[in-house]
Amino acid sequence: MGEKIYACFGGFSDQYWTKLSAPDIKGYCDGLTVCEMDMETGTMEVVSQSHGVDSPSTLVVSPDQKYIYAGNEGHDYKGRGMGGGVTSFRFDMETKTVEVINESYAFGGSTCYVTLDRTGKYLFVANGGSKFYVTRVEEKDGEFVPVVLRDEGCVCVFRIREDGGIGKLVERVVLTGTGIDPVEHASAHPHSVLVDEEDYVIIPNKGGDDIYVGKFNREMEKIEILSIFKTEFGSSPRHAAFVKGTPYVLVQNEYDGHVNSYFLDKEKGELRRISRLDTIIEDLPLPENQLFGKKHPWGIDVQVHPNGRFVFTNNTQVSVDTFELNEKGELSLKFQYYLDVPSMTRGMQMDREGRFLVVTGVMNERAYIFSIDQEDGHLTPVSEVELPTPTALRFLYPEP
């Protein structure tokens, strides 16, 4: 028997992205799934599942490993028309189970990312907006005219209670901008939010083709926006990652599929781009994407190895790529692994030692586990586990 850790998975319930009559993705996840992982072989085994929680599609674990927080990605949480939600869970290491502590509205629609600050006392939540229009009628110059409205893309900050539950909403930052797609980018759409050890905040705004740079003021419990970096029209910055111990920030674009490296000037509070590389496999025939009708793959996630050298990305071409980051912050492509399955890869995560990379496959309900070559970052598939429409995972450890 090898060393054991736990992997907690969340996923999609039904997702209505481009239409109301039928879901774009038929989702089967209604809670969290806990797997036990053997750190010698990379194999996983489901040990418990919870139910009764709608679309817990993004997760974060508290620094003390006791609590799990989920963003509930939807437009109609609890059937009350209040957008998305956030849920807190307690994890019992002895029974390997999770139980709900409490839940809250997310104060925005399509809740697509959650993270914690370094202390675990504040929960940061990215709400992408609803994608759908509503209409109200106003009287103007003696005529009744329709006024089209849309949910705001916003980032919210909640206090965490002493018992690990979600507390008071203390901050709500509304983003602005429009982009290339008339539905997806009709307004701002923050798709993630990251906070580093010094409380700098990075918010990729998929809907506005820009990246917000901020600083979390603990005394005021507010995010102070320092600058906004404008990216290419139609790039749609999606997910970000800090490279610990360096001034570098990585951002994966969604629509153009490019991964970028940036220098974060903390004195000015500004980003300066260093590298921009495409993640598409050029010689691989890419069929028409049945879900979106896009021939260029969309970029999804970006993760940094604990050694700070290897960078991993994935996209809707169903490839997982290894890049190398040098001391100057420059990226170079090393390997591309094509996952030949009828799926859409979503979240990725490494264990804290960087021995294994886990990638979720939504459409065929699997998570794929790769071993990571510690010398060159090459990925080797070692196992897979069946899960209900999985999108995100986070590891939990017996010792914090």
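**Exercise 1. How many disulfides does a search of the whole structure find?**

Solution. The model is a predicted one.

Step 1. A disulfide requires two cysteine sulfur atoms within 2.5 Å.

Step 2. Take Cys112. The closest cysteine sulfur to its own belongs to Cys154, at 9.6 Å, so the pair is too far apart for a bond.

Step 3. Take Cys154. Its closest cysteine sulfur is that of Cys156, and because the distance is 4.0 Å, this pair is also too far apart for a bond.

Step 4. The search over the whole structure returns zero disulfides. As for the surroundings of these side chains, Cys112 is buried at 5% relative accessible area, and Cys154 is buried at 0%.

**Exercise 2. Describe the open sheet that contains strand 1, and find its edges.**

Solution.

Step 1. The sheet has four strands in the order 3-2-1-30, and the pairing is antiparallel.

Step 2. Strand 3 (44–49) and strand 30 (390–396) each pair on one side only, which makes them the edge strands.

Step 3. Direction ignored, neighbouring strands are turned against each other by 30° on average.

Step 4. Within the sheet, strand 1 (residues 4–11) is joined to strand 2 (residues 33–38) by six bridges in the antiparallel sense. One of the pairs is Lys4 with Asp38, the latter in strand 2.

**Exercise 3. Characterise the hairpin of strand 20 and strand 21.**

Solution.

Step 1. Strand 20 (residues 258–265) and strand 21 (residues 270–278) run antiparallel and share eight bridges.

Step 2. His258 has Asp278 of strand 21 as its bridge partner.

Step 3. Four residues lie between the two strands, and Gly269 has a positive phi near 70° in this hairpin.

**Exercise 4. Asp141 and Glu221 both have positive phi. For each, state the loop and decide: buried or exposed?**

Solution.

Step 1. Asp141 has phi near 55° and is not a glycine. Its loop connects strand 10 (133–140) and strand 11 (143–150).

Step 2. The cut-off for exposed is over 50% relative accessible area. Asp141 has 75%, so this residue is exposed.

Step 3. Glu221, also not a glycine, has a phi of about 60°. The loop in this case runs between strand 16 (210–217) and strand 17 (222–230).

Step 4. The cut-off for buried is under 20%. Glu221 has 13%, so this residue is buried.

**Exercise 5. Where does Thr389 lie, and which residues does it touch?**

Solution.

Step 1. Thr389 is in the loop between strand 29 (379–386) and strand 30.

Step 2. Its relative accessible area is 3%, so Thr389 counts as buried.

Step 3. Leaving aside residues up to four places away in sequence, Thr389 touches Gly10, Gly11, Phe12, Lys26, Gly27, Tyr28, Cys29, Val362 and Glu365.

Step 4. With Cys29 there is a specific atom pair: a polar atom of the Thr389 side chain lies 3.3 Å from the backbone nitrogen of Cys29.

**Exercise 6. What is the average pLDDT of the chain, and where does pLDDT stay under 50?**

Solution.

Step 1. The chain average is 92, and 94% of the residues score at least 70.

Step 2. Over residues 289–293, pLDDT stays under 50.

Step 3. For residues 289–293 the model has nine contacts beyond four places in sequence.

Technical notes. Residues are numbered from 1 along each chain as its sequence is written. This is a predicted model: local features need pLDDT of at least 70, side-chain atom pairs count only at pLDDT 80 or more; totals for chains, interfaces and linings use all residues. Side-chain values use heavy atoms; hydrogens and water are left out. Two strands pair if DSSP finds at least two bridges between them. Axes are lines fitted to C-alpha atoms, for helices over the stretch in contact, and angles run from 0 to 180 degrees between N-to-C directions. Buried means under 20% relative accessible area, exposed over 50%, partly exposed in between (1.4 Å probe, protein chains only). pLDDT is the predictor's confidence in each residue, from 0 to 100. Contact means heavy atoms within 4.5 Å. A polar contact is a pair of N or O atoms within 3.5 Å; within protein, one must be able to donate a hydrogen and the other to accept it, and residues adjacent in sequence count only if both atoms are side-chain atoms.
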